[in-house]
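Here are my notes on the model you sent over. Have it open on your screen while you read.

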Amino acid sequence: MGNPLFAKKPLSQLLAEAKESGEHSLKRTLGPFQLTALGVGAVIGAGIFVLSGLGAHYAGPGLMLSFVLSGLGCAFAALCYAEFAAMIPLAGSAYTYAYATLGELFAWIIGWDLTLEYAMGASTVSSGWSNHFIELLDIFHVKMPLWLAYDHWTGLRTATANIARQMATAADPTLVPGTQAFMDKVKAITTANSPELVQRAHEMVGAPHIFGYEIGFNLPAFIIALVITVILAIGIKESARFNSTIVVIKVSVVLFVIALGAKFINTANWGSDWHSFAPYGFGGIGAGAAYIFFAYIGFDAVSTTAQEAKNPQRDLPLGIIVSLLICTLLYIAVAGVLTGMVPWQEVNIEAPIARAFLDRGQTTASHIITLGALAGLTSVMLVMLLGQTRVLYSMANDGLLPKKFFAAIHPKFRTPYKNTIAVGLLAAIVGSITPIDDIGKMVNIGTLLAFIIVCIAVMVLRRTNPGQARPFRTPWVPLVPVLGIVFNGYMMYKLGWINWARLIIWLIIGLVVYFAYSRHHSKVQNAEKS
């Protein structure tokens with residue numbers, strides 16, 4: 001009897017669970033193509049269409065190397081995930097791996113932390129999806145009232161920015177929208193916050209009042225989260241089919257961007273020496289990498305579908321590694337095209353790629369990009385919510401969450417339908433009424449932590465259980481896991497203290513839940529006692 005907080009879940013028990021079949025288990029229908037598509041589906045979202053602009057301002061044309069650096073950090077973690085996914089093909093992903101190697105308390109911390117990655121990630125994405133949807137409506141000249149298109153704070157901020165842009169153009173018609181000079185002028189107007197600006201912004205939002213307070217509700221974000229929830233509740237096969245269709249659309253859009261953009265590349269924009277290629281040196285490339293890391297999140301969600309794969313030992317490592325490889329190559333190409341089309345100082349931050357094409361008079365291309373971003377975000381949301389429900393399902397099966405609710409499997413659809421509906425509703429509500437930008441950065445730090453723990457767990461298990469059959473072995477242990485810890489730790493460090501504070505508060509709330517409920521209901525601990 002060791003300390004019950006660090007009780008480990010025996011590997012024999014995990015492997016027995018992985019073999020279960022019948023109506024109370026998940027349905028095995030996924031092959032290698034669908035698993036790779038889930039990986040690509042989770043990874044290529046708006047990150048590539050949106051964050052690349054921000055990254056370029058840190059890294060310059062060196063943005064290509066930022067994507068390599070971020071991709072390497074993920075690759076080291078991916079190799080560690082692959083060993084576990086093949087060895088313990090269960091739905092809980094990093095949570096299950098930690099339970100087998102580091103003990104219950106760590107497993108709980110990671111399970112709680114994955115909620116930050118998946119459920120909050122899905123909320124962030126639903127709100128981003130809504131922005132692109134509103135752009136799409138604009139193309140057809142359909143206008144949504146601001147109070148139904150954004151949460152209250154974002155709506156007000158958007159209105160203020162719109163009015164400030166109008167005031168900036170009125171004050172100085174020579175300014176070109178999207179340039180640094182224009183941004184500075186808009187910023188000056190916003191900072192001054194004149195009574196005229198405030199009043200015009202409130203009029204523009206035009207929100208109804210309840211009990212004297214203005215309300216804002218992001219309707220598109222709410223609806224898309226519910227639609228995805230319904231698809232997930234109906235079944236994994238349908239979800240995977242829907243996802244594969246969307247992945248084909250979105251990869252086509254990325255290839256289209258690369259092919260069309262290549263025609264407009266001016267190689268002088270890439271610089272002629274190291275200094276003009278990486279204006280802020282290696283530090284700038286590192287900061288760029290930490291920022292665009294969000295664009296890579298999601299390949300780990302492949303491992304949460306382990307109990308639904310036909311041949312998990314062979315296909316999971318394949319799905320994880322191939323999807324990461326495809327995405328990295330596409331990302332480097334897009335970064336090259338963007339910094340080749342536009343001098344890095346002039347890259348637009350809000351919609352870098354669409355803007356680059358619009359400035360070349362390619363309006364149709366920019367509409368296609370909006371469509372691609374919408375498709376991209378739809379599948380990211382699907383995979384994030386899928387990952388979240390599978391982790392909760394695993395935690396409930398271990399008794400750490402109420403099993404009747406979180407592990408209830410629908411007799412016909414064979415999906416954990418109750419927890420799917422609960423998670424979907426939560427994501428829909430958070431995405432529709434909270435200002436979501438901040439949550440995005442919390443998602444990054446939560447994911448990096450999960451990566452580091454998986455890298456540690458691989459090394460621990462090699463020590464404690466060297467004889468266990470490993471269908472896929474992480475190469476060069478301990479070098480690969482150590483590099484994974486170093487790279488991902490460096491990116492965590494680059495995210496700044498405020499995100500660390502949020503992470504710690506979130507984990508403290510989790511520990512309260514653990515000591516109040518989970519510890520007393522843990523199956524592993526009860527088995528040890530009896």
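The points below go from the whole chain down to single residues.

1. First, a reminder that this is a predicted model. The chain is built from 23 helices and two strands. Its radius of gyration comes out at 23 Å, close to the 24 Å that the globule rule gives for 530 residues, so the chain is as compact as a globular protein of that length. If you want a feel for the dimensions, the C-alpha trace spans about 80 × 60 × 40 Å along its principal axes.

2. How much of the chain is buried? Of the 530 residues, 58% count as such. What the chain does expose adds up to about 21300 Å², and carbon and sulfur atoms supply 69% of that area. As for how the chain contacts itself, take the contacts between residues at least 6 apart in sequence: 84% of them join residues at least 24 apart.

3. On charges, there are 35 positive and 27 negative ones, and their mean positions sit 10 Å apart. A search of the whole structure turns up nine salt bridges. One of these pairs Lys9 with Asp398, at 2.4 Å from N to O. Lys9 is in the segment before α1 (11–19), while Asp398 is in the loop between α17 (363–397) and α18 (403–406), so this pair ties together parts that are 389 residues apart in sequence. Both Lys9 and Asp398 are buried. Glu17 belongs to the picture too, since Lys9, Glu17 and Asp398 are linked in a network of salt bridges.

4. Two other salt bridges are worth a click. Arg314 and Asp315 meet through their side chains at 2.5 Å, N to O, and Asp315 is buried, with a relative accessible area of 1%. Asp359 and Arg355 also form a salt bridge, at 3.3 Å, N to O. Here Asp359 counts as exposed because its relative accessibility is 52%, over the 50% cut-off, and Arg355 is partly exposed at 30%.

5. Now have a look at Ser394, which lies in helix α17. Is Ser394 buried or exposed? Its relative accessible area is 8%, so with the limit at under 20% it is buried. Leaving aside residues up to four places away in sequence, Ser394 touches Ala91, Gly92, Tyr95 and Thr96.

6. A few backbone oddities next. Most residues other than glycine have a negative phi, and most peptide bonds are trans. Ser93 has a positive phi of about 55 degrees although it is not a glycine. You'll find Ser93 in the loop between α4 (63–87) and α5 (94–101), buried at 0% relative accessibility. Asn193 also has a positive phi, near 45 degrees. Asn193 is in the loop between α9 (180–192) and α10 (195–205), and it is partly exposed, with a relative accessible area of 43%.

7. Which peptide bond is cis, with omega near 5 degrees? The one from Val477 to Pro478. Pro478 lies in the loop between α20 (437–464) and α21 (479–493).

8. Last, Lys263, in the loop between α12 (236–262) and α13 (274–277). Lys263 is exposed, with a relative accessible area of 67%. If you are comparing positions, Lys263 and Asn397 are 134 residues apart in sequence and 54 Å apart in space, C-alpha to C-alpha.

Definitions and conventions
Residues numbered from 1 in each chain as written. Predicted model: local features only at pLDDT ≥ 70, side-chain atom pairs only at ≥ 80, totals over all residues. Heavy atoms only, no water. Helix = DSSP H or I, 4+ residues; strand = E, 2+ residues; numbered from the N terminus. Rg over C-alpha atoms; globule rule 2.2 N^0.38 Å. Buried < 20%, exposed > 50% of the residue type's maximum accessible area, 1.4 Å probe, protein only. Contact = heavy atoms within 4.5 Å. Areas by Shrake-Rupley, 256 points an atom, 1.4 Å probe, with all protein chains shown as cover. Lys, Arg positive; Asp, Glu negative; His and termini not counted. Charge placed at Lys NZ, Arg CZ, Asp CG, Glu CD. Salt bridge = Lys/Arg side-chain N within 4 Å of Asp/Glu carboxyl O.
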